[in-house]
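I opened my notebook to look through a structure one step at a time. Come along and check each entry against the picture.

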Amino acid sequence: MKIKKYRALTMQEGLAQVKRELGPDAVIIESKKVRQKGIKGFFVGKGIEITAAIDTFVLPHDNTLERETISSNSRMEQEMYYLKGMMNRLLKQQEKSQVEGSSSYNSWLKRLVDNDLDSEIARDLLAGIQESAQDKDVSLEMLEILITNKIKDMLVTSEVPGKIKYISFVGPTGVGKTTTLAKLAAYHTFEEQKKVGIITVDTYRIGAVEQLKAYAGITGIPVEVVFTSEEMKETIEKFKDKDIVLVDTAGRSSKSVVQLSETASFLNCLPKGAGAVFLVVSATTKPRDLKRIAQGYKRLGYNYLVFTKMDETETYGVLFNMCCYTGMPIVYITTGQNVPEDIEASDDGKLANMVMGVD
Ligand SMILES: Nc1nc2c(ncn2[C@@H]2O[C@H](COP(=O)(O)OP(=O)(O)OP(=O)(O)O)[C@@H](O)[C@H]2O)c(=O)[nH]1
Ligand SMILES: [Mg+2]
């Protein structure tokens with residue numbers, strides 16, 4: 001396989017270059033906007049960078065034709081033999097690549113589903129790739145690159161905008177909401193030198209407040225326990241000088257409309273436009289429970305995903321499924337119980353490889 005990058009001012013110009021050099025069978029792996037550099041490195045304008053590839057294969061050397069004795073000397077017969085030999089070789093090649101082509105799609109389908117990707121999502125993904133490759137047969141190697149790029153594009157990862165002051169953590173019970181909140185509280189306090197406040201509305205679980213106060217006690221970050229919407233409003237006022245306010249909520253079953261509405265009544269007190277809601281989900285969640293979680297928590301208006309317990313599983317298809325079900329970006333992943341170390345900002349390239357089960 002040959003892979004090459006092309007730069008041009010427009011997409012049309014770039015595609016023409018690809019076609020000219022690699023021929024009509026070339027497949028576009030990636031295209032992105034880039035800044036073009038001029039003299040002495042100054043930027044002179046925008047352009048397009050296209051990565052294209054072509055499967056190069058050597059036709060199997062078939063020397064039967066050479067060995068065969070051409071009985072007739074007539075030019076016509078010579079040509080007939082030549083054409084027949086060539087036809088046979090092309091047919092053999094075509095048969096081989098057809099089998100290889102379909103089996104490479106099939107083997108990737110199996111691999112993705114084994115990694116807990118929803119089989120419908122995996123089929124759609126592969127069908128999209130097959131369509132953009134215009135049903136051309138592609139090698140396993142090329143297919144891997146095409147799938148990784150597609151997953152990377154669809155696996156939206158994102159940073160929380162700077163204007164966000166209130167971050168609420170919602171999600172099923174025991175997924176790691178409080179632990180993740182404690183990690184981020186320490187990160188913003190010590191790494192970013194920000195003034196952080198913590199509010200908890202989890203007054204249901206025995207020990208929940210103590211758990212949070214224990215983390216906060218070590219770091220000196222103030223924690224307020226809130227029982228009513230009125231108290232919530234008062235605490236927001238109290239924390240008005242803070243740069244970031246993290247709000248912990250009680251673990252809820254996505255099936256309980258009453259419990260979720262109760263949490264919503266607290267979150268509705270937060271100033272609009274300055275708040276983000278993190279839906280915290282464990283990477284160990286059963287694939288079939290994901291859709292219910294995605295749907296059930298919608299009433300809390302989540303707009304980012306956090307995946308916890310990445311260290312407790314080896315298949316990561318659920319991350320991609322959740323992005324597809326919700327259309328929301330993954331903002332953090334957590335990789336262990338240690339506070340504050342075991343948290344990472346999400347990286348689409350790394351996550352795409354994990355989803356595919358490629359190291
Ligand atoms: N292995 C692993 N364990 C984690 C991770 N994050 C949290 N935990 C553990 O998961 C357990 C539950 O964590 P909590 O933070 O209390 O979970 P929660 O979502 O706040 O739980 P509730 O408030 O009861 O709904 C604790 O034992 C944490 O140490 C992680 O990334 N990896
Ligand atoms: Mg908790």
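My entries go from the whole chain to the ligand and then to a group of strands.

**Entry 1: the whole chain**

I noted at the start that this is a predicted model. I looked up the secondary structure next and found 12 helices and 11 strands in the protein chain. The chain has 359 residues, and 44% of them are buried. For the surface, I read an exposed area of about 19,900 Å². Carbon and sulfur atoms supply 52% of that area.

I also looked at who touches whom along the sequence. I took the contacts between residues at least 6 apart, and 74% of these join residues at least 24 apart.

**Entry 2: around ligand 1**

How many residues surround ligand 1? I found 18 of them, and the closest are K177, T179, R205, D311 and T334. I then sorted the shell by residue type: one is nonpolar, 11 are polar and six are charged.

Which helix gives the most to this shell? My lookup pointed to helix α6, residues 177-191, which contributes three residues.

**Entry 3: distances to the ligand's oxygen atoms**

Here I went through three residues one by one. With T179, an N or O atom of the side chain is 2.4 Å from an oxygen atom of ligand 1. With K177, a polar side-chain atom lies 2.7 Å from an oxygen atom of the ligand. With V175, the atom in question belongs to the backbone: an N or O atom there lies 3.2 Å from a ligand oxygen.

After that I checked how much of the ligand is covered. On its own, ligand 1 has 660 Å² of accessible area, and the protein covers 84% of this.

**Entry 4: strand β8 and its partners**

I moved on to strand β8, residues 275-282. Why do I call β8 largely enclosed by the rest of the structure? Seven of its eight residues are buried, so that description fits. The cut-off I used for buried is under 20% relative accessible area.

Next I looked for its pairing partners. Strand β4, residues 166-170, pairs with β8 in the parallel sense, over five bridges. Strand β9, residues 304-308, also pairs with β8 in the parallel sense, and I found five bridges there.

One residue let me follow the pairing across the strands. I started at V170 and found that its bridge partner in β8 is L279. From L279 I went on to β9, where the bridge partner is L305. You can trace V170, L279 and L305 in the picture by following these two links.

Definitions and conventions
Residues numbered from 1 in each chain as written. Chains lettered and ligands numbered in written order. Predicted model: local features only at pLDDT ≥ 70, side-chain atom pairs only at ≥ 80, totals over all residues. Heavy atoms only, no water. Helix = DSSP H or I, 4+ residues; strand = E, 2+ residues; numbered from the N terminus. Buried < 20%, exposed > 50% of the residue type's maximum accessible area, 1.4 Å probe, protein only. Contact = heavy atoms within 4.5 Å. Areas by Shrake-Rupley, 256 points an atom, 1.4 Å probe, with all protein chains shown as cover. Near = heavy atom within 4 Å. Polar contact = N/O pair within 3.5 Å; in protein donor to acceptor, adjacent residues only side chain to side chain. Nonpolar A, V, L, I, M, F, W, Y, C, P; charged D, E, K, R; others polar. Pairing = 2+ DSSP bridges.
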